[in-house]
Amino acid sequence: MGHITLKQVTKSFGEVQVIPPLDLEINDGEFVVFVGPSGCGKSTLLRLIAGLEDVSSGEITIDGRAATEVPPAKRGLAMVFQSYALYPHMTVRKNIAFPLRMAKLDIAEQNKRVEAAAKVLNLTDYLDRRPGQLSGGQRQRVAIGRAIVREPAAFLFDEPLSNLDAALRVNMRLEISELHQTLDTTMIYVTHDQVEAMTMADKIVVLHAGVIEQVGSPLELYHEPRNKFVAGFIGSPKMNFVEGEEAVKLNAKCIGIRPEHIGVSLESGDWKGTVGVSEHLGSDTFLRIKMPGVQEHMTVRVGGEFGARHGDTVYLTPDRSKLHRFDAQGLRIA
Amino acid sequence: MARAVTTQRKALNTAIAWSIGLLIFFPILWTILTSFKTEAEAIANPPVFLFFDWTLENYAVVQERSNYMRFLTNSVILAGVSTILGILIAVPAAWSMAFVPSKRTKDILLWMLSTKMLPAVGVLYPIYLLCIQLGVLDNRLALIVILMLINLPIIVWMLYTYFREIPGEILEAARMDGASLKDEILYVLTPMAIPGIASTLLLNFILAWNEAFWTLNLTSVNAAPLTAFIASYSSPEGLFFAKLSAASTMAIAPILIMGWFSQKQLVRGLTFGAVK
Amino acid sequence: MATQHSRSAARIMMAPAVFLLLVWMLVPLCMTLWFSVRSYLPLRGGDQGFVGLENFSRFITSSAFWPAVQTTLIIVGGVLVISIVLGVLLAILLDQPMWGQGVVRILVIAPFFVMPTVTALVWKNMFMDPTNGMFAHLWRFFGADPVVWLTDASVLSIIVIVSWQWLPFATLILLTAIQSLDSEQLEAAEMDGANPVARFFFIALPHLSRAITIVILIQTIFVLAVFAEIFVTTGGAFGTRTLTYLIYQRVLESQNVGLGSAGGVYAIILANIVAIFLMRIVGKNLDN
Ligand SMILES: Nc1ncnc2c1ncn2[C@@H]1O[C@H](COP(=O)(O)OP(=O)(O)OP(=O)(O)O)[C@@H](O)[C@H]1O
Ligand SMILES: [Mg+2]
């Protein structure tokens, strides 16, 4: 149930190869997140798995069966689209029942499953409404409901939360994670938001221009990014990169240090700089520090409140044990 | 532009616009009024407008004399069947072009448009000859096919523009939900496109109803619709204004009402989406 | 959205429409081309063999040809001028704030939905009839002699009739175009000190130019093919024989199919020249 393998899969649109040969293994029950900047091929990869696009070459197997030639309807996967793609002319009940109707289940069974799904998703009161009469979050839940009732081998989500406002997004994020715990079904989730990736995933796949940069658990990626791209993409605020003299001292082309791994002091430290902007969040303070000679700008995160203002001189001391070194190819030196 | 306009200005606009509107509409109004007059009142000088003896006699006479019902039936059948047939053929084609576009889609659409631009008179004799040889001159089926073909490009175009407004993701969702192509079109696309399909139906019904080249040249008795019925009044024996008006009113009334519902679609349908 | 599967499905679903239109276009077209190079008189000896381009030259050199071209040009030109000039004015008028705008719109558009034979007959009898027509009454009221419209001013009469039919179309399309004009643009111009006349010429008219072009092209194609209006009113007499009507007469009335078909080929070429421009515009619109 829900073991998906991609072998040497490629995809070209005309002349342009969007996905160069790619291998990927997704285990049963895993929550896998595809993350990467816009246009890197996340949606394309998901649609290849769904069968909405043909692979240009390579093979896809689902639960050991070759699926490359199988049409989307027969792959046993369910997909939740960014736009929700609800059927506007059907009530919520009919929307959720649609896959069951297509599978020609009898009406009693259809109703049973729809009601069960509605209960899980808190949609019971809205079953007779049309999608147009629902809020964004409710629509999202209907789309998920439509996916659940089929009892698919795996769920595919394409940026399902990007149309929601920030507060709702956090809520739905938790709901989807919870759903995953309950159903214990494979989920593949596409996002460009690294916070979603870090918080939800069992396994993150970082994509860059169609190439998998690294696959691993969130903390693996955080602590041991394989290269500069992953290091820069995972973590918020972004990792600081320093080139030149300071890097050479450590036998590297470039060194990286996360904002939370830098100590700040008003008296003394390794590097001297002046505060450009300071952002006070209450729980944390983010400082953007100008540091001539080392790096033009450096972001630093200090726990709690920190009384520094524009123009103040500060001293920074990176935590040497948390430093990342990168070679000329951008690969991390272990 | 949410600025207040003076009432005088608005009143002036209203007066001018209504005068011109009524002037343009006058021939139709006059025809309808005349159809309720006696023949003497119809040609009275000075003309009488509203204060005459309203009578339905002309309608009775026209019905009796010219077997109006047969022409009407033909018009309904020709326009109705040809439009529905056209839509049945055009829906799949428009689906293909809107949702699975290829490099050739644009060329095919433009080519279809070009067939609509082919002057009928240029192919009059071949069609006439084919009808004779197939024994279908003055035959409803033949005319249905011809009317369907001359409107097919417009039907495809209109449906195409409506379908393009439907997000492809919804059809993909249906596909993921296990819908076959037939289910996808039947249960998802068609219900969503109902307003567009209805407008297409309406406009093309009107166009087929008013078509007056092939219906005049390829019919005589059996298949003749209202266009031919009216044309028969151009012979001198039909020169009675009141009766002519009654016949005309009967031929245009249903279509005028439909036309009012389809003004918006008219623009889309006849400019091939080039004016929005 | 494009798997091999859906692409082949798309081809199959498109096939009936494409096939039917292809047959509808090619078969008669080829037949017309075939007849146009033969001497074919169904009532007088039938097909008398290949005559090369003789029909084409005879069609052009016949005494009826140039007058027909002239009539066609006058009618098409007249209808275009009337419907565009009045159409622009009407569209602007209808765009103004007023009471009962919807009703006025309906009144103006109605003529387009009247079937051509009715239009022609109503105008011919109830308005242009020299004894009992409305115009005759009017002329007499002002002490003038009624004009025998369809004989003495036949081409003008046809222009009036056809314009009445097509003015609504032009108005409707131009009105749609005007309503799509960004009102902020006009407000910006007003802020820049442009008076209403300047706003019309520098902003509204350029904005309308595309719609006007489209109206010109579409109406040209349809007015070139006007048939019922002439058939019912003058039957092509009194100098109202257009190219379309001339071909119709050659083919069906005098049954000189070869000659008529050559004329048909000319008509097709003529329409295609106009259609190419139309398709350019429409095609550009498809790209975005
Ligand atoms: N149907 C198509 N035809 C041609 N190129 C395409 C097509 N679909 C996607 N592409 C290209 O493939 C690349 C990857 O697109 P994709 O939609 O997978 O990106 P993405 O990672 O999902 O981006 P986003 O985060 O913006 O959704 C892009 O450069 C895009 O332009
Ligand atoms: Mg995407």
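I began with helix packing, for which axes are lines fitted to C-alpha atoms, for helices over the stretch in contact, and angles run from 0 to 180 degrees between N-to-C directions. I kept in mind throughout that this is a predicted model.

**Entry 1: a helix pair in chain B**

I looked up helix α10 (residues 194–210) of chain B against helix α14 (residues 263–270) of chain B, and found that they pack at an angle of about 80 degrees, their axes being 9 Å apart. Angles of 65 to 115 degrees count as roughly perpendicular, and α10(B) and α14(B) are therefore roughly perpendicular to each other. I then asked which residues make the contact, and found B:S199, B:L203 and B:L207 on the α10(B) side, meeting B:Q265, B:L266, B:G269 and B:L270 on the α14(B) side. Sorted by class, this contact of α10(B) with α14(B) holds four nonpolar and three polar residues, with no charged residues.

**Entry 2: chain B as a whole**

I stepped back to the whole chain and noted that the secondary structure of chain B comes to 14 helices and zero strands. For its extent I took the box along the principal axes, which the C-alpha atoms of chain B fill at roughly 70 × 70 × 35 Å.

**Entry 3: chain B against chain A**

I turned next to the interface of chain B with chain A, where 15 residues of chain B are in contact with 24 residues of chain A. The two chains bury about 1700 Å² between them, and 64% of that area is on carbon and sulfur atoms. Which three residues supply the most of the area that chain B buries against chain A? I found B:E169, B:M176 and B:D177, which supply 43% of that area, more than any other three residues.

I then went through the polar side of this interface and recorded two salt bridges between chain B and chain A. I looked up a pair of side chains, B:E172 and A:R47, which meet in a salt bridge at 2.7 Å, N to O. Across this interface I also noted seven residue pairs in polar contact, with both residues at pLDDT 80 or more. As for the elements involved, α8 (168–176) and α9 (181–192) of chain B each supply at least two residues of the side of chain B that touches chain A, and α8(B) gives the most, with seven residues. By class, I have that side of chain B down as nine nonpolar, one polar and five charged residues.

**Entry 4: chain C against chain B**

I repeated the search for chain C and chain B, whose contact takes 100 residues from chain C and 110 residues from chain B. These chains bury about 9500 Å² between them, with 79% of it on carbon and sulfur atoms. I found zero salt bridges across the interface of chain C and chain B, whereas the count of residue pairs in polar contact, both at pLDDT 80 or more, is nine. Which element gives the largest share of the side of chain C that touches chain B? I noted helix α1 (residues 4–36) of chain C, from which 21 residues come. The side of chain C that touches chain B has 73 nonpolar, 17 polar and ten charged residues.

**Entry 5: backbone geometry in chain A**

I finished with backbone angles, bearing in mind that most residues other than glycine have a negative phi, and most peptide bonds are trans. The peptide bond from A:S236 to A:P237 is cis, with omega near -5 degrees, and I placed A:P237 in the loop between α8 (228–233) and β11 (240–243) of chain A. I also marked A:K104, which has a positive phi of about 60 degrees although it is not a glycine; A:K104 lies in the loop between α2 (92–102) and α3 (107–120) of chain A.

Conventions: Residues numbered from 1 in each chain as written. Chains lettered and ligands numbered in written order. Heavy atoms only, no water. Helix = DSSP H or I, 4+ residues; strand = E, 2+ residues; numbered from the N terminus. Parallel < 35°, antiparallel > 145°, perpendicular 65-115°, else oblique. Contact = heavy atoms within 4.5 Å. Nonpolar A, V, L, I, M, F, W, Y, C, P; charged D, E, K, R; others polar. Buried area = accessible area lost by both parts, 1.4 Å probe. Salt bridge = Lys/Arg side-chain N within 4 Å of Asp/Glu carboxyl O. Polar contact = N/O pair within 3.5 Å; in protein donor to acceptor, adjacent residues only side chain to side chain.
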